[in-house]
Amino acid sequence: MAIIRSKIGIIGAGISGIAAAKQLAKYEPVVFEATNCIGGVWKHCSYKSTKLQTPRCDYEFSDFPWSQRDNMSFPTYEEILEYLYSYAQHFDVLKFVKFNSKVVEIKFVGDREMNYFGGKINGEFGCLLNGNPVWEVAVQTNDQSETLQWYAFEFLVMCTGKYGDIPNMPNFPQKKGPEMFKGKVLHTLDYSKLDQEESTELLKGKKVVVVGYKKSAIDVAVECAEANQGPEGQACTMVVRTLHWTVPHYSIWGLPFYLFYSTRSSQFLHSRPNQGLIRTLLCQMLSPLRRGASKLIESYLVWKLPLEKYGLKPEHPFEEDYASCQMAILPENFFTEADKGKILFKRTLSKWWFWEGGIEFEDNTKLEADVVILATGFDGKKKLRDILPDPFRSLLEFPSGMIPLYRGTVHPLIPNMAFVGYLESVSNLHSAEIRCIWLSRLVDDLFKLPPVEKMLEQVTQEMEIMKRTTRFYKRNCISTFSINHSDEICEEMGWQSWRKKNWLAEAFSPYNSQDYARGK
């Protein structure tokens, strides 16, 4: 079968893939989507109760506002999918998408001395799209077929995402895994594939154990409680190993949450790359204010929520969860169901495994269960490792465990390839869009990348800041210096970095995608 040649290929049609396709539309990119629809995790990893973690106005494309825009509501996953489809249709992006097209292999066919974007090692960077293929991609269009269609691209954009597809499964001692359990074991990925009737049937009248205490685990526990109302209903037990701060809404002691972390003045209190000696000293001098903001939020959460009653108050500061993008918005009825006895909590730091009647812990205590749901996350890096060829797959992680991406988009040592959707912030949609805009201008040859050494230095600085700010740094989150990150992207593109109309708004108004709607 002949190889099909094109300039740009995009793998994945979730939020990041659609954003990339829109910004690179002039090159008529080929977008490979393994399923029959766009949407990524919003389509394939959502439950009936799944909602966005940020307010509606903070999760929108700069040139496509929500039809009903407000600052407080949290859209459901159905609303987000409808919004994404409307965006794709409005900008005629769907014509680029090849559905049911799974990428199973990638080959590097470029010059072995390539460093990045057509440049040679220790040489100057050249024009990206010069007519020479760099990557070949094998695509399977039928699960039952062994026939592969090969494509050749000058540039490839990876948008497979950090979540979904590959569950992160715990390791168990021999003969103590799920095979020993007489009940049903499933990951939240499997649970998300059930319709409402199937999920209710799975949970109703059953002793359910949910392993985990992040957003997915919390949502599943609430759905379990709702399915077990009445005297015949069983309680759902959450096995909690690592505590994280949870938030009921975006208001703290009557103040909007954005004042604490999402304005230029509030982020001035936090370290950022390239800040210089004077600003480093200022950050140290102002550190009591930074800790005070975290303590103020913690005091409100302890007052508002029964965290101490249920032993759910974390020992680490709130700032560490915010800095690692792990702050979860609670469903309104979460603690209401806990107060009714429908949600129970098992705190443990020990290892656990299965026995025939449920799960067992190192202290010899046991939990009886009919169903065990593993809310243990996903292995997004494995998706990349499975299809990237050597030696590039070995470059995906620094010793820190994070993917080293310049501007959260390009790996300095992987030629003619971009990664969108692997850097987290308060609004992942905005992060993806502005990086796709940056990428499109780079492809257009409107600016040049700095030398590899400078890119690696920038990436290392960002990683060091994350490591100093939170013990959960491996998530690649820039939430405490997101405005500065966008500033540097704008400056590199030749845009004005300060986007507000006056200094007062610049200092105290929150930044969102609409601030970047007018380009330069």
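Glutamate 28 is exposed, with a relative accessible area of 57%; in this analysis buried means under 20% relative accessible area, exposed over 50%, and partly exposed in between, using a 1.4 Å probe and protein chains only. The residue sits in the loop between α1 and β2 (30-32), where helices (H or I, at least four residues) and strands (E, at least two) are DSSP runs numbered from the N terminus. Its phi is near 45 degrees, a positive value in a residue other than glycine. The model is predicted, so to speak with care, local features need pLDDT of at least 70 and side-chain atom pairs count only at pLDDT 80 or more, whereas totals for chains, interfaces and linings use all residues. Residues are numbered from 1 along each chain as its sequence is written, and side-chain values use heavy atoms, with hydrogens and water left out.

A second positive phi is found at asparagine 274, at about 55 degrees, although this residue is not a glycine. Asparagine 274 belongs to the loop between α8 (264-267) and α9 (276-285), and with 46% relative accessibility it counts as partly exposed. Another backbone feature worth a look is the peptide bond from aspartate 390 to proline 391, which is cis, with omega near 5 degrees. Proline 391 lies in the loop between α13 (380-387) and β19 (417-419).

Turning to the whole chain, the protein has 17 helices and 19 strands. Its radius of gyration is 24 Å, close to the 24 Å that the globule rule gives for 520 residues, so the protein is as compact as a globular protein of that length; the radius is taken over C-alpha atoms, and the rule is 2.2 Å times the number of residues to the power 0.38. The C-alpha trace spans about 70 × 60 × 45 Å along the principal axes. Of the 520 residues, 56% count as buried. Among contacts (heavy atoms within 4.5 Å) between residues at least 6 apart in sequence, 72% join residues at least 24 apart.

In soluble globular proteins, nonpolar side chains tend to be buried together. Here, the largest nonpolar core has 65 residues, and those with the most contacts inside it are Ile8, Ile10, Ile18, Val157 and Trp438. Such a core is a set of buried Ala, Val, Leu, Ile, Met, Phe, Trp, Tyr and Cys residues joined through side-chain atoms within 4.5 Å. Two or more residues come from each of β1 (4-11), α1 (15-23), α3 (77-90), β6 (149-158), α14 (428-443), α15 (452-469) and α16 (482-493). Helix α14 gives the largest share, nine residues. Isoleucine 10 offers a good view of the packing: leaving aside neighbours within four places in sequence, it is in contact with Gly17, Ala20, Ala21, Leu24, Pro29, Val30, Val31, Phe32, Val157 and Cys159. A second, separate core of 49 residues includes Ala225, Ala227, Tyr261 and Phe335.

The second largest pocket has a volume of about 510 Å³. Pockets were found on a 1 Å grid over the protein atoms alone, as open sets of points where a 1.4 Å probe fits, with protein on both sides within 12 Å along at least five of seven lines, and lining residues have an atom within 4 Å of a point. Grid points are joined across faces, edges and corners, and the volume is the space filled by probe spheres set on the points. Of the 29 lining residues, Asp58, Tyr258, Ser262, Pro510 and Tyr511 are the closest to the centre. The elements that give two or more residues to the lining are α7 (258-261), α14 and α16. The lining divides into 15 nonpolar, 11 polar and three charged residues, with Ala, Val, Leu, Ile, Met, Phe, Trp, Tyr, Cys and Pro counted as nonpolar, Asp, Glu, Lys and Arg as charged, and the others, Gly among them, as polar.Three further residues complete the picture. Threonine 237, in strand β9 (residues 236-240), counts as buried at 11% relative accessibility. Beyond four places in sequence, threonine 237 touches Val208, Val209, Val210, Leu344, Lys346 and Leu367. Glutamate 320, in helix α11 (residues 318-323), is buried, with a relative accessible area of 11%, and touches Thr469, Thr470, Arg471 and Phe472, not counting residues up to four places away in sequence. Lysine 184, in strand β7 (residues 184-187), is partly exposed at 45%.
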